Every structure is written in structure tokens, then in C-alpha cells.
Amino acid sequence: MLDTLTPAERVAFVLHDVLDLSFEEIAPIVGRTTDAARQLASRARRRVRGGDVSALVDLQSQRTVVDAFLTALRGGDFEGLLAVLDPDVIVRSDGVGAPGAPREIRGAANWARGAVAFSRLAQSVQPALINGSVGLIFAPGGRLTRALNFVIADGKIVEVEVIGDQDRLKHLGHF
């Protein structure tokens, strides 16, 4: 469904209707005025109304789970993290980061304990569309340093890929 939209329509539509950005924030991203960004999203909405809306519903449900995760992370809420993580979650990292950090962590409690330790850094984490799914990016000072790509099933995060390698970050399909 989203493939039927022009790139600018897709960006305006997803950023506004799924990620809740204002048209003032969207305008510079799409290189248009605020009114033109509003029109792009409106046109996209009209075009998807007649199409399969399951992809949009899926993005909205992903956004709900990711928002709950981010709220718990920012608050250092261990129980809140456990509530959105599948008990058997698998977290894989490309190895960029703290020396000696594991490349794979299994289990919600194991990862939540480590995540809570970094809650103060979560203020620079923002939701983003990454390769067609809702994920998180860490971009302090506007420089992308990490991306979290989620697999979500039945309202729980079942798998996380933590990407820190700069070459991989450059090639992510995100906005």
C-alpha cells in the first residue's frame, strides 16, 4: 500500500499519521512548505483509504509497543520494560559499543537490567521508521550512532537488533 505513494507522500504520511510529527517538523524533511507537507499527507491518506490498510494498522500497533518500551526505558522502569518484552526476547548487537559487551542477550530480565542502566541516555532516542518497521534511533547532537530494529509479535518485542556500525547505519532505510 505505501509503495503506491510517491516518496514525499510516504514520508509526510508516515511521519505525521504514524509517528505524530507536526507538519512544521516534516516540511524541511520533504523540502516543502508546511502547507505543502500537509497536502502531501492528505493526498496520501486519500490514496490509501481505498487500499489495504493492514500495513498502516500494523505500523500503528508497532508504534504503540515501541512507545511503551521507550517510555519505560526513559523512566528506568524495569517492570514496564518487562511488560513489553517477550520473556524469551533475543537481543543481538553488531558488536559496536562497550568493549567486552555481549553480542547476544537472551531473556527479558537480562536485557531490561542492562537497559535500565542506560535510561539517562534515552532522552536522545526517538522513534523512526527503519526498513519499513517502527524502531528507535539514538542521535545525540543530530549524529546517528545507534538504531534499534524490532521484531514485534502479539504486542511484545520478541527480537531486537542493535546497530552501531557506521557503515550499516548509512545504509539503513530510515527517516
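A residue counts as buried when its relative accessible area is under 20%. Keep that cut-off in mind, because F69 comes in at 1% and is therefore buried. One more thing before we start: what you have open is a predicted model.

**Stop 1: the aromatic cluster**

Select F69, W111 and F150, and show their side chains; together they make up one aromatic cluster. A search through the whole structure turns up two aromatic pairs. Start with F69 and W111, which are stacked, with 5.5 Å from centre to centre and 10° between the planes. This pair ties together distant parts of the chain, since F69 belongs to helix α4 and W111 to helix α6, 42 residues apart. W111 has a relative accessibility of 11%, so W111 counts as buried too.

Now turn the view to F69 and F150. How far apart are the centres of these two rings, and at what angle are the planes? The centres are 5.5 Å apart and the planes stand at 65°, so this pair is edge-to-face. Again distant parts of the chain are linked: F69 is in helix α4, F150 in strand β5, and 81 residues separate them. F150 is buried as well, at 6% relative accessible area.

**Stop 2: along helix α4**

Stay with α4 and select residues 54–74. Two more residues of this helix deserve a click: Q62 and T71. Which of them is buried, and which is exposed? Q62 is the buried one, with a relative accessible area of 9%, while T71 is exposed at 57%. Around Q62, look for its contacts S133, V134 and I152, leaving aside residues up to four places away in sequence. For T71, try a distance to L81: the two are 10 residues apart along the chain, and their C-alpha atoms are separated by 8.8 Å.

**Stop 3: the sheet**

Switch to a cartoon view and pick out the strands. Six of them form an open sheet, ordered β2-β1-β6-β5-β4-β3, with mixed pairing. At the edges you'll find β2 (104–106) and β3 (125–130); each has a single partner strand, so one side of each has no neighbour in the sheet. On average, neighbouring strands here are turned by 20° against each other, ignoring direction.

In general, strands of a sheet pair through backbone hydrogen bonds, in a parallel or antiparallel way. For a case from this sheet, select β5 (residues 146–153) and β6 (residues 156–163), which pair in the antiparallel sense over seven bridges. Click N149 and look straight across to β6, where E161 stands opposite.

**Stop 4: the helix across the sheet**

Next, select residues 108–117, which make up helix α6. Which strands does α6 lie across? They are β1 (85–93), β2, β5 and β6, and α6 runs at about 60° to β1. You've already met one residue of this helix: W111, the stacked partner of F69.

**Stop 5: helix α2**

For the last stop, select residues 23–30, helix α2, and colour its buried residues: F23, I26, A27 and V30. Why do these four end up on the same side of α2? They cover an arc of only 110° around the axis, which puts them on one side together. Finish by stepping past the end of the helix to G31, which follows α2 and has a positive phi, near 70°.

How values were computed: Residues are numbered from 1 along each chain as its sequence is written. This is a predicted model: local features need pLDDT of at least 70, side-chain atom pairs count only at pLDDT 80 or more; totals for chains, interfaces and linings use all residues. Side-chain values use heavy atoms; hydrogens and water are left out. Buried means under 20% relative accessible area, exposed over 50%, partly exposed in between (1.4 Å probe, protein chains only). The arc is that of the directions from the helix axis to the C-beta atoms. Two strands pair if DSSP finds at least two bridges between them. Axes are lines fitted to C-alpha atoms, for helices over the stretch in contact, and angles run from 0 to 180 degrees between N-to-C directions. Contact means heavy atoms within 4.5 Å. Rings of Phe, Tyr and Trp (its six-membered ring) pair if their centres lie within 6.5 Å; planes under 30 degrees apart count as stacked, over 60 as edge-to-face and the rest as tilted.
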